[in-house]
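Thank you all for making time this morning. I would like to walk you through one protein model, slowly enough that you can follow each point on the screen.

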Amino acid sequence: MKKNIFAIGSYTQDLPHVPHASGEGVSLLTLDGETGQLNRINHPLPLPNPSYLHWNRESERLFAVSEDENSEGAVFELAMKNDSLSVTGQQRGPGKAGCFLTTDSSGSSLFAVSYLDGSLAAYPLQKGELSPSDYRYQYSGNGPDKLRQESSHAHHILMTEPNKFIYVCDLGSDTIWKHPLPLEGADAGIALKVPSGYGPRHIAGDPETNALYILCELKPKLLVAVRDRRTGDMMILQEYDTTGTDTAAPAAIKIHPSGRSLVVSNRFEDTVTVFRIIRDRKNSMISLIQSDIIGSGGKTPRDIEFNDSGRWLLIANQDSDSIQVLEFDSRSGLPLDTHPGDFKIGTPTCITGII
């Protein structure tokens, strides 16, 4: 019977977009690979508002960014031992409302972004240990939405393999920025300008091609783009609606482990949408076919995550204090009509598999 361990970050303090926070920080859950049942295995680690988590397999460390709208917040390095977590390092965060972090493939650097300050920060990981930030970059720009795009709002980072470029989604300026690696203080370049007012939130790379999937928040759109590996520039190939309405605010995108499908979460419509990925290798083309729109089993689905086999999808329903589990076919990447139930946990915002 195979089990997976997942770390769940949950809001502990009220924010404008989280008016009823009831979380306890970072929790560890086991997923039963046969039944899809979740169980808690630790006492929560009471970090303040851990808005995003990242597991680095090389160092076997968990990293967290703490979201604070009034200060720079913090980034934390966590170690797991005997099914419990402890803080092994802490540095000041990337800026107000830190919302995402990730490491490079070598595990030598941690990168984090600030939503309100619209900035990127890099932290050396010396022998796997978190060091103070040695690089910060401030983006600039705006968009037509006067409430949400009054300034730059960095939201997500994609590392390309091998580590040649960092891409940053800027919801505020409708821009995907690019940074060549190693970072040497040069200005960020524009990899892509998305259609005005779309608000790019998250980006994922296709595991088999040069295609990229850009999920927009202000308009419920999913863009398929292709990147030039040499220059890092992107070009939009196709555009898809994530739902049948304009009221949804997409939150997260994940590619199924089979590489044959991808899933996005739709807040305010409380659904997840599944797309089949169709690759025409002969003509170097890629397209998507909408397969299913499924209820998220709760209110305001934010992050989503597959287990390693691709059989189970976990959905963090922030405003109904629960994680829903849905079953997928591990080979086709398409959903099955199985719902093992939900797991109650206060205001969950992010999920990452750590084993």
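Let us begin with one residue, valine 26, which, once its neighbours within four places in sequence are set aside, is in contact with Ala7, Ile8, Asn42, Pro44, Leu45, Leu47, Pro50, Leu53, Leu62 and Leu85. Please keep in mind that what you see is a predicted model. Apart from the largest nonpolar core there is another core, made of 16 residues, among them Phe165, Tyr198, Cys216 and Leu223. The largest core itself has 47 residues, and the members that touch the most others are Val26, Leu62, Val113, Tyr139, Ile157 and Val168. Strand 10, which covers residues 119–126, gives the most to this core, contributing five residues. As background, nonpolar side chains in soluble globular proteins tend to be buried together.

Let me now step back to the whole chain. What does its secondary structure come to? The count is zero helices and 29 strands. The C-alpha trace spans about 45 × 45 × 40 Å along the principal axes. A compact globule of 355 residues would have a radius of gyration near 20 Å, and because this protein has 19 Å, the two agree. Buried residues make up 57% of the 355 residues, while the accessible surface comes to about 14,400 Å², with 47% of that belonging to carbon and sulfur atoms. If we take the contacts with a separation of 6 or more, 49% of them are between residues 24 or more positions apart.

For a closer look at how strands are arranged, consider strand 17, residues 200–205, and strand 18, residues 211–216, which run antiparallel and are joined by five bridges. They form a hairpin with five residues between them, and within this pairing alanine 204 has tyrosine 213, in strand 18, as its bridge partner. Strand 17 is mostly covered, since five of its six residues are buried.

Next, the aromatic rings, of which the structure holds six pairs. In one of them, phenylalanine 306 and phenylalanine 328 meet edge-to-face, with 5.2 Å centre to centre and 90° between the planes. This pair links distant parts of the chain, as phenylalanine 306 is in strand 25 and phenylalanine 328 is in the loop between strand 27 and strand 28, 22 residues apart. Are these two rings buried or exposed? Phenylalanine 306 has a relative accessible area of 7% and phenylalanine 328 has 1%, so both fall under the 20% cut-off and count as buried. Elsewhere, Tyr137, Tyr139 and Trp177 form one aromatic cluster, and you may recall Tyr139 from the list of core residues.

Finally, some points about the backbone. Most residues other than glycine have a negative phi, and most peptide bonds are trans. Against that background, leucine 181 and proline 182 are joined by a cis peptide bond, with omega about 0°, and proline 182 is found in the loop between strand 15 and strand 16. Phenylalanine 268, in the loop between strand 22 and strand 23, has a positive phi near 70°, and threonine 300, in the loop between strand 24 and strand 25, has a positive phi near 65°. Which of these two residues is buried, and which is exposed? Phenylalanine 268 has 55% relative accessibility and therefore counts as exposed, whereas threonine 300, with a relative accessible area of 4%, is buried.

Technical notes. Residues are numbered from 1 along each chain as its sequence is written. This is a predicted model: local features need pLDDT of at least 70, side-chain atom pairs count only at pLDDT 80 or more; totals for chains, interfaces and linings use all residues. Side-chain values use heavy atoms; hydrogens and water are left out. A nonpolar core is a set of buried Ala, Val, Leu, Ile, Met, Phe, Trp, Tyr and Cys residues joined through side-chain atoms within 4.5 Å. Buried means under 20% relative accessible area, exposed over 50%, partly exposed in between (1.4 Å probe, protein chains only). Helices (H or I, at least four residues) and strands (E, at least two) are DSSP runs, numbered from the N terminus. Contact means heavy atoms within 4.5 Å. Two strands pair if DSSP finds at least two bridges between them. The radius of gyration is taken over C-alpha atoms; the globule rule is 2.2 Å times the number of residues to the power 0.38. Accessible areas come from the Shrake-Rupley method with a 1.4 Å probe; for residues, only the protein chains shown count as cover. Rings of Phe, Tyr and Trp (its six-membered ring) pair if their centres lie within 6.5 Å; planes under 30 degrees apart count as stacked, over 60 as edge-to-face and the rest as tilted.
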